[in-house]
Amino acid sequence: MRNHLKMKHPLPTASTSSNASSTSEQRTAVSTGQRQTSIIDFFKRPVTDKRRQQITDLLINFVIKDVRPLSALSGEGFRDIMKFFEPGYKIPSHATLWSNIMLQYNTVKARIANEMKDKSVSLTTDLWTSCTMDPYITITAHYITDTWEIKSRVLRSSRRTANNVLRNALLRNGFTWHLSLRVFCCTFW
């Protein structure tokens, strides 16, 4: 059973009757210019379009889910990691990544807006301070679906000053999401 599973070892080994022929085969392969496929050659395989799109989608999710700047993808260390794991993949340009992020944002926003369509919506706001002491506001919409599930969706988080919190962040945000006529209540924290 082991005979059909014999593998050629790339390094010469001590001559025994079972591996003497494989060593001579290796010498013949070396003398004729043939070589065994190395792990490096395996990793340098071309990246298919489907694989390229999967990797790009994962990079976009990395930026969105971990709230990372796009510049994180252009750093030398990150590019070294990508080159090691997928040498045939070229990280898209900043503009391409940004347009893909905006496309995903608009798709999710349209889905959520459709989900909230014709629902009574309650809004809550949360004022908070970043670790660098910058003031922010987050606006969250709460509503009940047709199947009686309570849903909460963050509509916006943005840096604001106390003077324009309500005017710029809340009212404009409500109109962008087409909620101006269906807001049931609004709670400020």
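This tour goes along one helix and then into the largest pocket of a predicted model.

Begin by selecting residues 49-65, which form helix α3. If you place a distance between the C-alpha atoms at its two ends, you should find 24 Å, and this agrees with the span expected for its 17 residues at 1.5 Å a residue.

Next, colour Ile55, Thr56, Leu59, Ile60 and Val63, which are the buried residues of α3. They cover an arc of only 140° around the axis, which means that they lie on the same side of α3. The spacing fits a general rule: an α-helix has 3.6 residues a turn, so residues three or four places apart point the same way.

Now turn the view to the face of α3 that points away from the buried side, where the exposed residues Lys50, Leu58 and Lys65 are found. Then go back to the buried residues and add α4 (76-85) and α5 (94-116), which are among the elements that cover them. Just after α3, stop at Val67, whose phi is positive, near 50°.

Finally, which residues are the closest to the centre of the largest pocket? Select Ile64, Ile101, Tyr105, Val154 and Leu155, which hold that place among the 20 residues of the lining. The volume of this pocket is about 770 Å³. Showing α3, α5 and β3 (150-159) together is helpful here, since each of them supplies at least two lining residues, while the largest share, eight residues, comes from α5. If you colour the lining by class, you will see 14 nonpolar, two polar and four charged residues.

Methods. Residues are numbered from 1 along each chain as its sequence is written. This is a predicted model: local features need pLDDT of at least 70, side-chain atom pairs count only at pLDDT 80 or more; totals for chains, interfaces and linings use all residues. Side-chain values use heavy atoms; hydrogens and water are left out. Helices (H or I, at least four residues) and strands (E, at least two) are DSSP runs, numbered from the N terminus. The expected span of a helix is 1.5 Å times one less than its number of residues. Buried means under 20% relative accessible area, exposed over 50%, partly exposed in between (1.4 Å probe, protein chains only). The arc is that of the directions from the helix axis to the C-beta atoms. Contact means heavy atoms within 4.5 Å. On a 1 Å grid over the protein atoms alone, a cavity is a set of points where a 1.4 Å probe fits but cannot get out, and a pocket is an open set with protein on both sides within 12 Å along at least five of seven lines; lining residues have an atom within 4 Å of a point. Grid points are joined across faces, edges and corners, and a volume is the space filled by probe spheres set on the points. Ala, Val, Leu, Ile, Met, Phe, Trp, Tyr, Cys and Pro count as nonpolar, Asp, Glu, Lys and Arg as charged, and the others, Gly among them, as polar.
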